[in-house]
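Visitor: Please take a close look at one pair of packed helices for me, slowly and with every term explained. I would also like to know what surrounds that pair in the rest of the protein.

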Amino acid sequence: MTEPVPQVNPLFHEVQPSGVARWVPGLAILRSYRLAWLSQDILAGLVLTAILVPVGMGYAVASGLPAIYGLYATIAPLVAYAVFGPSRILVLGPDSALAALIAATILPLAAGNPERVVLLAGMLAVISGTLCLVAGFSRFGFVTELISKPVRYGYLNGIALTVVVGQLSKVFGFSVTGDSFFQVAYSLAQGLQQGLTNGVALSIGLASLMIMLACRRWLPKVPGVLVAVIGATLLVGYFDLATQSGIAVIGVLPQGLPAFRFSSISLAEFNSLLSGAFAIAVVSFADLSVLSRTYAMRGNYEVNGNQELIALGVANIASGLFHGFPVTSSSSRTPVAESAGAKTQVAGLVGALCIALLLIYAPMLLRNLPYAALGAVVIYACFGLFEIAGVLHLYRLRRSEFALFLVCFFGVVSLGVIQGIFLAVGMALLAFIWRAWRPYDAVLGRVDGMKGYHDMSRHPEGRQIPGLVLFRWDAPLFFANAEIFREHVLLAVVNAPTPTRWVVVAAEPVTDVDTTAADMLADLDKVLAQADIELCFAEMKGPVKDQLKHYGLFNKFGVESFFPTVGQAVNQYLAVSQVEWNDWDDNKHTRQ
C-alpha cells in the first residue's frame, strides 16, 4: 500500500500532513524537526515554566480550587496538545476567561466540600473535552460563529469584572462568601467596613500588581509576573510573615504527580455540569481558534479548526483525568513562548517536564508564596480581558450591537457567567431571526443618468415602467416572512402608478424557499392571475430553482417566467406588452 501524497496549500509554503499525521500533528512536526531548534525550544520551555507555575496556581484559586491543581491542570494539557494540536507554539492551560465559568458551575454543587470541588472540576473538564471531541469529529468547528463580537466583548468584560472582584479579597487579606457577583461584592464591602483588611497582605498584593504593570509598561522583556511572585515569596519567607502577620500562603505542595482518576457522578450532577461544560467548550474554542489562526499566519502555516477542537477536547479530558480542571489557550503565555524563541510544541513539553520535576523534587519551594500575590497575578491578567476600545467602537457604529453587548455584560454580572452567555447568544440569534423575519424590500425603477434598476424609496426621482412592478426581496423566503412577502408584493401592486400587468421578483438575494414559502408563492400566483397579472422571477439562483422544481412550482409557473437578468425580464415585458416608454433602450436595461 502506497503512502498518500501530501496536499500542498498554495497559500502556505508548508506541505499539509495527511494520513495518521493529519490526526496526530505532533508526528508531522517530529518528522520534520531540526536539531538546531532544540536549544531554542529548551530555553523557551524554561522561560515559559517561570510563568506557567504562578499563573496556573492563581487561576486554580480563582476557579475555587487549591493552588496545586493549577499545576496539575498545566502538565497534562501541554503534553496532550503537543501530540494532537496543529499549532506550532500555542500554549494551553488554566485561563482567566474560564475561571468564573468553572467556579459558577462547580461551587454551588460542591456545597462547601473541598473533595467534591476537585472531583466536579475534573468531571467538568472531561465533559467539556468530550463535547469538543464530538464537535471536532463531526466537523462542527463553525459553532464559534455563535459568539459574535458584541457577545464576546460582553462576556469578556463581565468575566473580567467578576474575577477581579472575587480576587480583591485575597489582596486585602481576608476571605469572602457568596455564589454570585453581588453576594461577593457585598461580602467584600462588609469585610472592608468591618476592618478585616490585613495591611501587610494588601501591601504585598499592591506591590506585586505595580511591579507587573511597571514591567509591562517600561520593561516589556522582563517577566513581571515572575519578578513579583519571587519577590513576594522571598519577602514572606525571610520575615516569616505567615506567622508574624497572618499572611495566607500556599504552604507545602503535595509531592509527586497526580494519579489517573475517573470519578463517578450522579445523573443530576451530570445534568448540572452539562450546561457549564457546553459554555466552556464554546468559549474556550472561540478563544483558541482566533489565537491559533493568528500565530499560524505569523508562522506561515495552516491550522485546521476541527483538529483544534479535537486537540482541545483531548487536552481537557487529560486534564480532568489527572486531577485538573477545564483549560483553554492562553493569550498571555503564548506570546511568552514566541518571544522566548519557541519553534515547536517541544517548548511546551519542556515546560510540563519542569513542573513535574518541581512537584517531584522541590514541593517545598513555593510554600511561602502568598495568596495576595496570586490574587494580584489574576487581577493583572484580567486587565487584558477588559475590552474598552472595541465597546466604544460598537457604540459609535451600531447601537443595536452595543445593546447586545450590554445584555451579555449585565447578564454575566447579574445572572451568572453561564446564564449571561446563553442569554446573549439567544438574543443574538433572535436579532438575526428578526432581520430575516422583517427584511428590507424595494420596488425598483429607472433613474436618469444611472444604469440598471434602483430602489425607488432611495431615488424618489426615479420612474417605474408602466404596468410593471419590479420587486426585490433581500432575504431567504421561509415560514416566518412568507406572508410579509405576499403582503408587500400586493401592496406594491396597489401603489403602482399605473395598472399592473407583470410582477417581476428580483430574486438574487433569495437564497432559500421552504415549503411554507412555496405554498405562499403558489397562492400569490393564483391571486395575481385572477387580476390578470403575471408573476415572474429574475436572477434566481440555480439551487433555489432546484427547490422550486422539487416542489413542482417551476413547471407550474413555466420556464418562460424565469429570466437570467432583470434587464431581460424588462425587455420581454416591453416586447410582449407593446408598452410605449421613451426611456426604453436595450443597452440601458443590461444589469451592471
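Guide: Helices (H or I, at least four residues) and strands (E, at least two) are DSSP runs, numbered from the N terminus, and by that rule the protein has 24 helices and 10 strands. What you see is a predicted model, in which local features need pLDDT of at least 70 and side-chain atom pairs count only at pLDDT 80 or more, while totals for chains, interfaces and linings use all residues. Residues are numbered from 1 along each chain as its sequence is written, and side-chain values use heavy atoms, with hydrogens and water left out.

The pair to look at is helix α18, residues 399-414, and helix α19, residues 417-437, whose axes come within 7 Å and cross at roughly 160°. Such axes are lines fitted to C-alpha atoms, for helices over the stretch in contact, and the angles run from 0 to 180 degrees between N-to-C directions. Angles under 35 degrees count as roughly parallel, over 145 as roughly antiparallel, 65 to 115 as roughly perpendicular and the rest as oblique, and α18 and α19 are therefore roughly antiparallel to each other. From α18 the residues Leu-404, Val-407, Cys-408, Gly-411 and Val-412 take part in the contact (heavy atoms within 4.5 Å), and on the α19 side they meet Val-417, Gly-420, Ile-421, Leu-423, Ala-424, Met-427 and Ala-428. Sorted by class, this contact holds 10 nonpolar, 2 polar and no charged residues, where Ala, Val, Leu, Ile, Met, Phe, Trp, Tyr, Cys and Pro count as nonpolar, Asp, Glu, Lys and Arg as charged, and the others, Gly among them, as polar.

Following α19 to its C-terminal end, where residue 437 closes the helix, we come to Asn-481, which touches Ala-436 and Trp-437 as well as Pro-439, Trp-473, Ala-475 and Pro-476, not counting residues up to four places away in sequence. Asn-481 sits in the loop between β7 (468-473) and α20 (482-494). Its relative accessible area is 0%, so Asn-481 is buried, a word that means under 20% relative accessible area, with exposed over 50% and partly exposed in between (1.4 Å probe, protein chains only).

Over the whole protein, 52% of the 592 residues count as buried. A nonpolar core is a set of buried Ala, Val, Leu, Ile, Met, Phe, Trp, Tyr and Cys residues joined through side-chain atoms within 4.5 Å, and the largest one has 126 residues, with Met-57, Leu-101 and Tyr-155 having the most contacts inside it. Helix α6, residues 114-137, supplies the largest share of this core, 12 residues. Apart from it lies another core, of 34 residues, and Trp-473, the neighbour of Asn-481, is among its members, as are Ala-496, Leu-553 and Phe-554.

For a second pair to set beside α18 and α19, consider helix α3 (residues 35-62) and helix α4 (residues 68-84), which pack at an angle of about 120° with their axes 7 Å apart, and which are therefore oblique to each other. Here Leu-52, Val-53, Gly-56, Met-57 and Ala-60 of α3 meet Tyr-69, Gly-70, Leu-71, Thr-74 and Leu-78 of α4, making a contact of 7 nonpolar, 3 polar and no charged residues.
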